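Dear colleague,

Please find below the structure that I am handing over to you. My notes on it come straight after, and I would be glad if you read them with the model open.

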Amino acid sequence: MIAGIYTIFGISPLAAVAFNVLLNGLTAIIMYVFIKDFMKYFLSNFSIMLYAEKIAGACSVVFLLHPAINYYALYNVHPFSIDLLFLFLSLWLMMRFLL
């Protein structure tokens, strides 16, 4: 994918960094939906369900502000961002379609 980005935009590390940041943003959105749905399906405690969206939002913000994840997204051409995206996407799809 990075080779395709370099072909389109030229060899510019900024394009790869922007792509990794976009992938991290998509991962945070999918993580938010996954955690919120997980809490609603598996934790049926009423008091937890009231805070499911707040907890999912806090988890997504912590993910976006985590220093190691930001280091790999900004300073390394590494498939870590796309690996996390596919991990959370597969978890969310499994939960949605198997329940």
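What follows describes the overall fold, then the core, then a patch on the surface.

This is a predicted model, in which local features need pLDDT of at least 70 and side-chain atom pairs count only at pLDDT 80 or more, whereas totals for chains, interfaces and linings use all residues. Residues are numbered from 1 along each chain as its sequence is written, and side-chain values use heavy atoms, with hydrogens and water left out.

The protein chain has six helices and zero strands (DSSP runs of H or I with at least four residues, or of E with at least two, numbered from the N terminus). Its radius of gyration, taken over C-alpha atoms, is 16 Å, well over the 13 Å that the globule rule (2.2 Å times the number of residues to the power 0.38) gives for 99 residues, so the chain is more spread out than a compact globule.

The largest nonpolar core (buried Ala, Val, Leu, Ile, Met, Phe, Trp, Tyr and Cys residues joined through side-chain atoms within 4.5 Å; buried means under 20% relative accessible area, exposed over 50%, partly exposed in between, with a 1.4 Å probe and protein chains only) has 19 residues, and Phe63 is among those with the most contacts inside it. Helices H2 (13-42), H4 (52-65) and H6 (80-98) each give two or more residues to this core, with H2 giving the most, nine residues.

On the surface, Tyr75 lies in helix H5 and counts as exposed because its relative accessibility is 62%.

Best regards
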